[in-house]
Amino acid sequence: MSVTMVLGAQWGDEAKGKIVDLLSQDADIVARFNGGDNAGHTVINDYGTFKLRLTPNGFSNPNSMCIIGPGVVINLATLINELNMIRQAGIDLSSRLWISPRCHVVMPYHPMVEAIYEQAKGSSSTGTTGRGMGPVYADKVSYNGIRLVDMQEAGLFREKLQVQLQVKNALFKAFEQAPLDLQTVLDEKLNQFAQVKSMVQEPFGLVQKALANDSNILLEGAQGALLDNTWGTYPYCTASTTISGGVTDGLGIAPRWIKRVIGVTKAYTTRVGRGPMPTELEDATGQVLQNEGKDFGPVTGRPRRCGWFDADLVSFTAKLSGYTEIALTKLDVLDSLPKIKIGVGYHPCGGKGTSAHYWDGDAHWLEGYEPEYIEMEGWLQSTKDVRLFSQLPARAQAYVRRIEQLVETPVTIVSVGPERNATIIRNNQ
Ligand code: GDP
Ligand code: IMO
Ligand code: MG
């Protein structure tokens, strides 16, 4: 039995896509279980460069099934575009992709409702990706969602949509926005549904059979642990569960099956959108990280906020999700820095000593604390072409070892470039 989870250990964009693509070459199944098209996972492989939001990154392995579990919310237009893009690269996924009929569907009113809330919040807005995630998951838990299965019967779909439009259009009217027309939305969604209908089948049985047969199942997490709706920096977080526990809800895999949990973390920290980020650098070093790391989001193109690696945060998420190992990515981004800092805990702003941890308070509380740092010497050499851990500069090796010591988890994969082969697999080095 081999179930491997790949999860974001920070605030998303840790290079999960690259790590999943790498591991997918041995996978029988690659599955998404959370989030929606707010995710943007970059993959560079023999077929080209892809920035996928919904399609599991097992597409390049012809022997791998791809599954979108019921915890994922589907924007049909995004999915159709991605499948076309992958088809143009010479891969037809229609017989390899199963999408759960239990998946909730992002309707045109969800991003509109989100925009109304974001605008009303003004300077305290979340800074979302604008894909309607908050409203679609809110409709799910308040029994107002529309699922793929509901679209299988046009009459049932119309009834559900009519109720939702009655409520949502009243809101749009109050905020002086044009209402949505029932027939137009109905036609658009039924047309889109028809294009993916053959792939809509419940994967639960397939997954359970794979578990019983000891198949290799690879689980592709979206977002990062610090964006988790419960444990993240609420309300500056996302709407779904982004930690290891999310897979039971989002795919139907019981915890006892999970063997490897790989926490993917950058060798520094980034964050898109608002909310506290204790190790953020708003200076020239932050600019170096952003430029070297090309840190701009694949979904929104927004610049990512950059800062030092925060070991307190990652050791928290390691405990939360039970990482068995860490994939440390973008080490090469630090190549030109003479000194490198690591955050190891917090103290009240203006105070001294490490007196608090992330889990002691909420996002608002965290704003009043600043990090305690340790400093290490930079290695000032390119690591981009290194493929063996023993050939990394000694100071880079020391940096990796310090991180695994602070996070109390072995670093088994080190990434030194965006391409699949720019990777160091550590075999007891
Ligand atoms: P994800 O959402 O976690 O899959 O990450 P994203 O794809 O949103 O962002 C990661 C970015 O870093 C992408 O542009 C990748 O191509 C790039 N990348 C991945 N690994 C490395 C690496 O080791 N070094 C560098 N320089 N870039 C990397
Ligand atoms: P991947 O899978 C980085 C952030 C948004 C915003 C907050 C809420 O590529 O790592 P949402 O649209 O989800 O309601 O936005 O969450 N966010 C991400 N940041 N990577 C992601 O996904 C993200 N998905 C959501 O920037 O701060
Ligand atoms: Mg991303």
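**Figure 1. Glu-408 sits in the loop between helix 12 (394-407) and strand 17 (411-415).** This close-up, like those that follow, is taken from a predicted model. Although Glu-408 is not a glycine, its phi is positive, at about 55 degrees. Is Glu-408 buried or exposed? With a relative accessible area of 64%, Glu-408 is exposed, because anything over 50% falls in that class.

**Figure 2. Ala-15 is another non-glycine residue with a positive phi.** Here the phi value is near 90 degrees. You will find Ala-15 in the loop between strand 1 and helix 1. Its relative accessibility is 24%, so Ala-15 counts as partly exposed.

**Figure 3. The magnesium ion (ligand 3) is held in view with its protein donors, Asp-13 and Gly-40.** Asp-13 contributes OD and Gly-40 contributes O, and these donors lie 2.0 to 2.2 Å from the ion. Which parts of the chain does the pair tie together? Asp-13 belongs to the loop between strand 1 (2-8) and helix 1 (16-23), while Gly-40 belongs to the loop between strand 2 (29-32) and strand 3 (41-45), so the pair ties together parts that are 27 residues apart in sequence. The loop of Asp-13, between strand 1 and helix 1, also holds Ala-15 from the previous view. As for accessibility, Asp-13 is partly exposed at 22%, whereas Gly-40, with a relative accessible area of 14%, is buried. Please keep in mind that water is not among the atoms, so the site may look incomplete.

**Figure 4. Ring pairs join Trp-231, Phe-316, Tyr-358 and Trp-359 into a cluster.** The count of aromatic pairs in the model comes to six. One of them is formed by Phe-316 and Tyr-358, with ring centres 4.7 Å apart and planes at 45 degrees, so this pair is tilted. How far apart in the chain are Phe-316 and Tyr-358? They are separated by 42 residues: Phe-316 is part of helix 10 (residues 311-321), and Tyr-358 is in the loop between strand 15 (339-348) and helix 11 (363-366). Phe-316 and Tyr-358 are both buried.

**Figure 5. Two arginines lie over aromatic faces, Arg-256 over Trp-257 and Arg-426 over Phe-389.** For Arg-256, the distance to the ring centre of Trp-257 is 4.6 Å. For Arg-426, the distance to the ring centre of Phe-389 is 4.0 Å.

**Figure 6. Helix 3 (residues 109-121) crosses helix 4 (residues 133-141).** The two axes come within 7 Å, and their crossing angle is roughly 110 degrees. That makes helix 3 roughly perpendicular to helix 4. The handedness is worth tracing in the model: helix 3 passes helix 4 in a right-handed crossing.

**Figure 7. Helix 5 (residues 154-174) crosses helix 6 (residues 182-196).** In this view the axes come within 10 Å and cross at roughly 135 degrees. Helix 5 is therefore oblique to helix 6. Here, too, the crossing of helix 5 past helix 6 is right-handed.

**Figure 8. A cis peptide bond joins Tyr-234 and Pro-235.** What is the omega angle of this bond? Omega is about 5 degrees. To place the bond in the chain, look for Pro-235 in the loop between strand 9 (216-224) and helix 8 (246-251).

Definitions and conventions
Residues are numbered from 1 along each chain as its sequence is written. Chains are lettered from A and ligands numbered from 1 in the order in which they are written. This is a predicted model: local features need pLDDT of at least 70, side-chain atom pairs count only at pLDDT 80 or more; totals for chains, interfaces and linings use all residues. Side-chain values use heavy atoms; hydrogens and water are left out. Donors are N, O and S atoms within 2.8 Å of the metal (3.2 Å for Na, K and Ca); water is not among the atoms, so sites may look incomplete. Helices (H or I, at least four residues) and strands (E, at least two) are DSSP runs, numbered from the N terminus. Buried means under 20% relative accessible area, exposed over 50%, partly exposed in between (1.4 Å probe, protein chains only). Rings of Phe, Tyr and Trp (its six-membered ring) pair if their centres lie within 6.5 Å; planes under 30 degrees apart count as stacked, over 60 as edge-to-face and the rest as tilted. A charge sits over a ring if NZ of Lys or CZ of Arg is within 6 Å of the ring centre and within 35 degrees of the ring normal. Axes are lines fitted to C-alpha atoms, for helices over the stretch in contact, and angles run from 0 to 180 degrees between N-to-C directions. Angles under 35 degrees count as roughly parallel, over 145 as roughly antiparallel, 65 to 115 as roughly perpendicular and the rest as oblique. A crossing is left-handed if the near helix is turned anticlockwise from the far one by less than a right angle, and right-handed if clockwise.
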